Amino acid sequence: STLALLGLRACATLSFTPLVPISPPLIDGKARLFSAPPLRPGGGSFALLASSGDSATSAEEEARRLREQAERLRREVADVERSKQEVAKAEREESERTAAEKRDVRMRYSAEVPILKGDGSTVLERVDFPPRIAGGKSRIEACQAPLPLGILLGESEENPGVIQVDEVASDSNGEVSGVKEGDILRACTACQATMETPTWQLLAGGIGQPKTKRFMFSADGQPLEEVMGAIASNRMDPEGRPVWLVLERVE
């Protein structure tokens, strides 16, 4: 209780003094306020502009770098596409060259000749004749000549099974048609007489009617007598058509 009384008495004796503004110090008889040193004119603005300029420069450099990278990628893509096109062109040219070579070889060793079909009709078709002379120094020729041909055929001594032209008479049908000495006879037309009997004649006991068919006869590997007989059989052609000769000729 004594402490409490002392406290109350101390509080009663305290008094509050009003705040009085502190006068600024007098220097040379004049009041001066202390303040921070003045800012340099434009100092903050210069720092801000410098920072903004650095950012703009960095952005331009980044944009330039991206443009260069994009241009490099475009060039690389263009190079790849150009390379693909060159490869495709080379492959196409090679394919065309190979096809042209095959076409040339086929044209060299083939000829259009009349082919007898199953229905009795005759159609001109290109037939291949693999070369009998090695080295690619020959070609196939086809010609037509009426009988008599005026040529002398014989068996080759160097190539067994090969029938060749040993002689061509001057001004003969063979010479006029283009047959030359040394030509190899590969094929010729031949005629064959057959008996065709319609069904109604068979039922009636008929013997049928003769009919001559003309077809291509291969001379490869045939005896000379068979080849001579095939050529001579063209006399049986009721239409009197010329003989077709397929020849292999050395160029």
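Select E62 and R65 to begin: their side chains meet in a salt bridge of 2.5 Å, N to O, a salt bridge being a side-chain nitrogen of Lys or Arg within 4 Å of a carboxyl oxygen of Asp or Glu. What is on display is a predicted model, in which local features need pLDDT of at least 70 and side-chain atom pairs count only at pLDDT 80 or more, while totals for chains, interfaces and linings use all residues. Residues are numbered from 1 along each chain as its sequence is written, and side-chain values use heavy atoms, with hydrogens and water left out.

Both E62 and R65 lie in helix α2 (residues 43-108), 3 residues apart, about one turn of the helix; helices (H or I, at least four residues) and strands (E, at least two) are DSSP runs, numbered from the N terminus. E62 is partly exposed, with a relative accessible area of 36%, and R65 is likewise counted as partly exposed, at 41%. For these labels, buried means under 20% relative accessible area, exposed means over 50%, and partly exposed lies in between (1.4 Å probe, protein chains only).

Stay on helix α2 and select D79 and R82, which are also 3 residues apart, about one turn of the helix. Their side chains meet in a salt bridge of 2.2 Å, N to O; R82 is partly exposed at 41% relative accessible area, and D79 is partly exposed at 40%.

Next, select K117 and E125, whose side chains meet in a salt bridge of 2.4 Å, N to O. E125 counts as partly exposed at 29% relative accessibility, as does K117 at 31%. For a linked set, add R108, R139, E141 and E251, which are joined in a network of salt bridges. The structure holds 18 salt bridges.

Now turn to strands. Select A111 in strand β3 (residues 110-116), which counts as buried at 5% relative accessibility, and then I140: the C-alpha atoms of A111 and I140 are separated by 6.7 Å, although the two residues are 29 apart along the chain. S138, in strand β5, is buried with a relative accessible area of 0%. Between S138 and E248, the C-alpha to C-alpha distance is 6.5 Å, across 110 residues of sequence.

For the interior, select L153, L185, V227, I231 and L245, the residues with the most contacts inside the largest nonpolar core, which has 19 residues. A nonpolar core is here a set of buried Ala, Val, Leu, Ile, Met, Phe, Trp, Tyr and Cys residues joined through side-chain atoms within 4.5 Å. The elements that give two or more residues to this core are β5 (138-145), β7 (163-168), β8, α5 (224-232) and β10 (243-250), and α5 gives the most, with 4 residues. In soluble globular proteins, nonpolar side chains tend to be buried together.

Two places in the backbone deserve a selection of their own. The peptide bond from L147 to P148 is cis, with omega near -5°, and P148 is found in the loop between β5 and β6 (151-155). D171, in the loop between β7 and α3, has a positive phi of about 60° although it is not a glycine, and D171 is exposed, with a relative accessible area of 67%. Most residues other than glycine have a negative phi, and most peptide bonds are trans.

Finish on the surface by selecting E157, E158, D166, E167 and E181, which gather in a patch of negative charge. Patches are made of residues with over 30% relative accessible area and no salt bridge, with like charges joined within 9 Å and nonpolar side chains (Val, Leu, Ile, Met, Phe, Trp, Tyr) within 5 Å. The place of a charge is taken as NZ of Lys, CZ of Arg, CG of Asp or CD of Glu. Within this patch, E181 lies in the loop between α3 (173-177) and β8 (184-196), and at 60% relative accessibility E181 counts as exposed.

Terms used: Accessible areas come from the Shrake-Rupley method with a 1.4 Å probe; for residues, only the protein chains shown count as cover. Lys and Arg count as positive and Asp and Glu as negative; His and the chain ends are not counted.
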